[in-house]
Amino acid sequence: MFDREHVVALIGRGEVLAAYDIARAALETGEGGNQAAYFAVLCLARAGALDFARLEYARLGLGHTNDHDAVALGARLLKDVALATRGARRAAFAKASIRQYEKLFRLFGGIYGAINAATMTRVAGDALSAAERARAALAMPPPAGLTGEGAYYDAASRAEALFLTDDLDAARDAMAQAIALAPKAYAAHASTLRQFDMLCREVGADTAWLEPFRAPVCAHFTGHILDMSGVALRGPALRQRVDELLAAEKVGFGYGGLAAGADIIFAEALLAAGAELHVVLPVERESFIAVSVAPFGEAWVKRFEHCLSRATSVRYASADPYRGDEQVFAYSSQFAMGCAVLRAQTLSTKAVQLAIWDGHTGAGPAGVHADLSYWSRSGRHRAVIPIERPAPRPRTSGDATDPRRAMKAMLFADIQGFGALRDDQIPVFVDGVLGTLARAIETLAASPVHVETWGDGLFLVFDEPIDAALAALALLEAHRAQDLRALGLPRSLGLRIGGHYGPVHLRTNPLTKAPAVMGAHVVVAARIEPDVAPGSVYVSEALAGALATFHGDKVRCGYVGRTQGRKGFPATPIFSLTRVI
């Protein structure tokens, strides 16, 4: 029997893929009816599979019901398409969404349908009618008894209506009142702020008025372990400077390592300030302690354990012990930076970097200078607490990293439904579907540095994360443009692409004598693809973070849940990948 409450709870935790699997299974067994259909399509929409969600919405007959949730979902799907496109298609879908929101308001009343109809009228280019609709929404009395987020959303909708009537001062006041009704509901605030950001772009308004309403800042923190004389980075003076910096930057969320010295000082200061601490360790826990904590004194180990026990989350860049390769420390720092940027995007706030630095330029791939250099490429703000330490020792040949290990971005792709094809359909599939994908790869601005294929499966490797992301989207768009029915193939053949970014081993396969890309991070990439909704690209947190840090103007990554953790592998966060229009 379809367990609605369980599905709702999963969606509330952001586990939309697990919720989708339950709803889809219920539909396949004939259970759940319209409720299972609604949740299946809702999960697809939240997972970024917008085209497939619209197809399923129609196929499952949700457009023919007058159920409140189904009508609201239909309006939301049309709105999402409009906001993701430009030109005539944008206007057409905006008008279609208006009609659906009008239906929602006509059947059920409430400010939600009314204000969304007003907003989409503005998106469709009719400012006067949008203002009229907004004034009508403002005339509606607030429902009695609303508290918490319910009261917030009602007040925020009225702020949106005031903005559409060009009364910015009143909109600002109304938004301040809305925030006061649920001051810690950061996710709800972010949803409203994204709506306002979109409207400001539509009307050409400055978004500066929204800054007071944004969530606390998300920070990546980094710093030295201790100086060459063995004096630890501790003491009230340094801690006071860290406390003052956190307050000045308005930090509410911190991401970084937990080595003896600056990392732990930052972590302790974040916890004391009531901020969230998110730890990213480069290698497995005991190995990290042995390399980066214990050699500097038992006191640091105790402080490490205390911080780790109070951390909101702990991530591992690698599950392996440390083997002397500095690359894993560089990767861990980049991973933490990406997590901070992704969280800032989710909360519609800012990301900053905080550092305790001696001013010396490092020679290796890891270290404070490497972290600062990597972050500076993003153009985001950073704040440095300067300290004095002796210059680091010169690098020796023994410090060199393995040239056969490198950071790469990887894609795994396959076609859902390939296994059900008849034998006589295989030649058409190879020439039509795979041929189309091959031509898309040939036209990429940045070609993959490694390609493997088997059956309907593809494995593509790129030097840069953005090259992999743009390749994935190009493949998806090429597949979507095909007329599968004209080829005599099922329309349900959906391309699924999973992506990851991390250090891999570059070797030669002794059996084939061909170049090979291998390692644990290749397995991470492979484990994502089976959980991808048809017609979508999902990427790991590491790849999403790298893209968000440097290429937020080209692509966008939205959290969709976790992998299912098959065959003993842990469930990991995954993000949908879309173009920025």
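In the predicted model, one internal cavity is lined by Val16, Leu17, Tyr20, Cys43, Leu44, Ala47, Ala533 and Tyr538. Two elements, helix 2 (16-28) and helix 3 (33-46), each give two or more residues to this lining. The greatest share comes from helix 2, which supplies 3 residues. By residue class, the lining comprises 8 nonpolar residues, with no polar and no charged members. This cavity is the second largest in the structure, with a volume of about 30 Å³.

In total, the structure contains 2 cavities of 30 Å³ or more. The largest encloses about 40 Å³ of space. Its lining is formed by Leu342, Gln345, Ala544, Leu547, Ala548, Gly552, Val555, Arg556 and Cys557. Helix 16 (327-346), helix 21 (541-551) and strand 13 (555-562) are the elements that give two or more residues to the lining of the largest cavity. Here the lining residues divide into 6 nonpolar, 2 polar and 1 charged.

Residues from both linings recur in the surroundings of Ser576. This serine belongs to strand 14, which runs over residues 573-579. When neighbours within four places in sequence are left aside, Ser576 is in contact with Ala47, Gly48, Val537, Tyr538, Arg556, Cys557, Gly558 and Val560. Of these partners, Ala47 and Tyr538 also line the second largest cavity, whereas Arg556 and Cys557 also line the largest cavity. Ser576 has a relative accessible area of 9% and is therefore classed as buried, the cut-off for that class being under 20%.

Helix 11 (residues 186-203) was examined for its geometry and its surroundings. At 1.5 Å a residue, its 18 residues should span 26 Å, and the end C-alpha atoms lie 25 Å apart, so the expected and modelled spans agree. Just after the helix, Gly204 adopts a positive phi of about 75°.

The buried residues of helix 11 are Tyr186, Ala188, His189, Ala190, Thr192, Leu193, Gln195, Phe196, Asp197, Met198, Leu199 and Cys200. An α-helix has 3.6 residues a turn, so residues three or four places apart point the same way. Spacings of this kind occur among the buried positions, including Ala188 and Thr192, as well as Thr192 and Phe196. The cover over the buried residues includes helix 5 (68-83), helix 7 (111-123), helix 9 (148-164) and helix 10 (168-181), together with strand 2 (251-256) and helix 16. Helix 16 thus appears in two settings, as part of the cover of helix 11 and as a contributor to the lining of the largest cavity.

Technical notes
Residues are numbered from 1 along each chain as its sequence is written. This is a predicted model: local features need pLDDT of at least 70, side-chain atom pairs count only at pLDDT 80 or more; totals for chains, interfaces and linings use all residues. Side-chain values use heavy atoms; hydrogens and water are left out. Helices (H or I, at least four residues) and strands (E, at least two) are DSSP runs, numbered from the N terminus. Buried means under 20% relative accessible area, exposed over 50%, partly exposed in between (1.4 Å probe, protein chains only). Contact means heavy atoms within 4.5 Å. On a 1 Å grid over the protein atoms alone, a cavity is a set of points where a 1.4 Å probe fits but cannot get out, and a pocket is an open set with protein on both sides within 12 Å along at least five of seven lines; lining residues have an atom within 4 Å of a point. Grid points are joined across faces, edges and corners, and a volume is the space filled by probe spheres set on the points. Ala, Val, Leu, Ile, Met, Phe, Trp, Tyr, Cys and Pro count as nonpolar, Asp, Glu, Lys and Arg as charged, and the others, Gly among them, as polar. The expected span of a helix is 1.5 Å times one less than its number of residues.
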